[in-house]
Amino acid sequence: MKTEIALIEALRQDHALTEAEYEALLSQRTAEGAALLRRYAREAKEAVYGDAVYTRGLIEISNICKNDCYYCGIRRGNPHADRYRLTPEEILSCADEGYALGFRTFVLQGGEDPWFTDERLCALVFAIKEKHPDCAVTLSMGERSRESYARLRQAGADRYLLRHETADEAHYGRLHPPEMSFQNRMRCLYDLRDLGYQVGAGFMVGSPFQTNGTLAKDLKFIETFRPDMCGIGPFIPQKDTPFGREPAGTPELTLYLLSVIRLIVPHILLPATTALGTIHPRGREMGIEAGANVVMPNLSPVSVRKKYALYDNKICTGDESAQCKDCLALRMKSVGARLVTDRGDVKK
Ligand code: SAH
């Protein structure tokens, strides 16, 4: 098998490795290899996006969820979660506030809250698009039927974020209760793509039972599915979940994977996530240096920020939207990047 450095050179050339090679790359991971990957990933990103880092305004619309994912703090089985749901008026006013701050793309994210029927969610998407036709609306509301995704698309939704969580079916089964399925998650992603959404997939780094073998499958999936965006961040335990005592993912592995994914799909949108900023004070800056080109500042009302607790110790739960944006702009500047608030479409 090739050495780490030889595999990195091959990846830079071909934008692809075999699954066995991805696994070998990860199992030989060194700081030296990470530095080389970082350099190549940064070159690849700058060739497509220059120094621009795109922003998406994140609005966490509900922490009510019918699912019971073992890793997630807002799972239905967590009796300690302090539940909330924003009203359509509150969501619209978050978008208005974001618009005034220059944001031209909003992500509505939430648990799988049954209150958000197609009718209600379509009306909300339509209202945002009607008021701000120059904005892209992204949904991240979990698994729905093809019919539902089709209706939301018709109502004006442009993009959909649905992390695949893991591309290994057995691993998927260890992260989720039996009523959830890997097949349905994948079905959703293919339906979304088919319906003309820009699609975001992704996974947690360091989730329980993850191995270099399961990660190699994630990388092969990204290489073949070629999502427009890939959200990856470290797993961070939330104390009231079944995985509450498991160790968090590391910044080193997360950054390494960001660089690898940038080389696999040079034009991909790659967020430096809040979770990465949570496990390391310079996590998001280091994410940008490793090849990320998107940040998602929080536009949720400060009154609910702490309640959208997917994991413990989440950052930015006390800041007003404007502060979040200014803070991120400074952080990006510190690593030679420029925060851009336009729609930030993928450059294919
Ligand atoms: N209900 C939506 C949104 C989920 S929250 C959906 O199913 O897509 C967004 C992402 O947060 C999840 O996809 C998951 O990858 C991540 N997440 C959940 N719990 C986490 C934890 N404990 N640590 C890190 N990331 C977590």
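These legends walk through several close-up views of one predicted model. Residues are numbered from 1 along each chain as its sequence is written, and side-chain values use heavy atoms, with hydrogens and water left out. Because this is a predicted model, local features need pLDDT of at least 70 and side-chain atom pairs count only at pLDDT 80 or more, while totals for chains, interfaces and linings use all residues.

**View 1. Three strands line up as an open sheet in the order E8-E1-E9.** Strands (E, at least two residues) and helices (H or I, at least four) are DSSP runs, numbered from the N terminus. The pairing in this sheet is parallel; two strands pair if DSSP finds at least two bridges between them. E8 (294-295) and E9 (338-340) are the edge strands with a single partner each, so one side of each has no neighbour in the sheet. Helix H14 (residues 321-334) packs on the sheet and touches E1, E8 and E9, its direction making about 140° with that of E9. Touching here is contact, meaning heavy atoms within 4.5 Å. The angle is taken between N-to-C directions, from 0 to 180 degrees, using lines fitted to C-alpha atoms, for helices over the stretch in contact. Strand E1 (residues 52-55) pairs with E9 over 3 bridges, and Tyr54 sits opposite Val340 in E9.

**View 2. Strand E7 (residues 229-234) is mostly covered.** How many of its residues are buried? The count is 6 of 6, where buried means under 20% relative accessible area, exposed means over 50%, and partly exposed is in between (1.4 Å probe, protein chains only). Met229, Gly231 and Gly233 are buried on one side, and Cys230, Ile232 and Pro234 on the other. Strand E6 (residues 198-205) runs parallel to E7, joined to it by 6 bridges, with Ala201 opposite Cys230. Together with helix H9 (residues 212-225), E6 and E7 make a right-handed β-α-β unit. Right-handed means that, with the strands pointing away from you, the path from the first strand over the helix to the second runs clockwise.

**View 3. Helix H10 (residues 251-264) gives the most to the largest nonpolar core, with 9 residues.** A nonpolar core is a set of buried Ala, Val, Leu, Ile, Met, Phe, Trp, Tyr and Cys residues joined through side-chain atoms within 4.5 Å. This one has 96 residues, and Ile59, Leu139, Leu257, Ile261 and Ile288 touch the most other members. Leaving aside neighbours within four places in sequence, Ile261 is in contact with residues including Phe203, Leu219, Cys230 and Ile232. A separate core of 12 residues includes Tyr49, Leu58, Val107 and Val294. As for H10 itself, 13 of its 14 residues are buried.

**View 4. Two residues that are not glycine have a positive phi: His15 and Cys316.** His15 has a phi of about 60° and lies in the loop between helix H1 (4-14) and helix H2 (19-27). Cys316, with phi near 65°, is in the loop between helix H13 (302-305) and H14. His15 is partly exposed at 32% relative accessible area, and Cys316 is also partly exposed, at 22%.

**View 5. Gln28 sits in the loop between H2 and helix H3 (31-49).** Which residues does Gln28 contact, leaving aside its neighbours within four places in sequence? They are Lys2, Thr3, Glu4 and Leu7. Gln28 and Leu7 are 21 residues apart in sequence, and their C-alpha atoms are 10.0 Å apart. Gln28 is partly exposed, at 30% relative accessible area.

Technical notes: Expected span 1.5 Å × (residues − 1).
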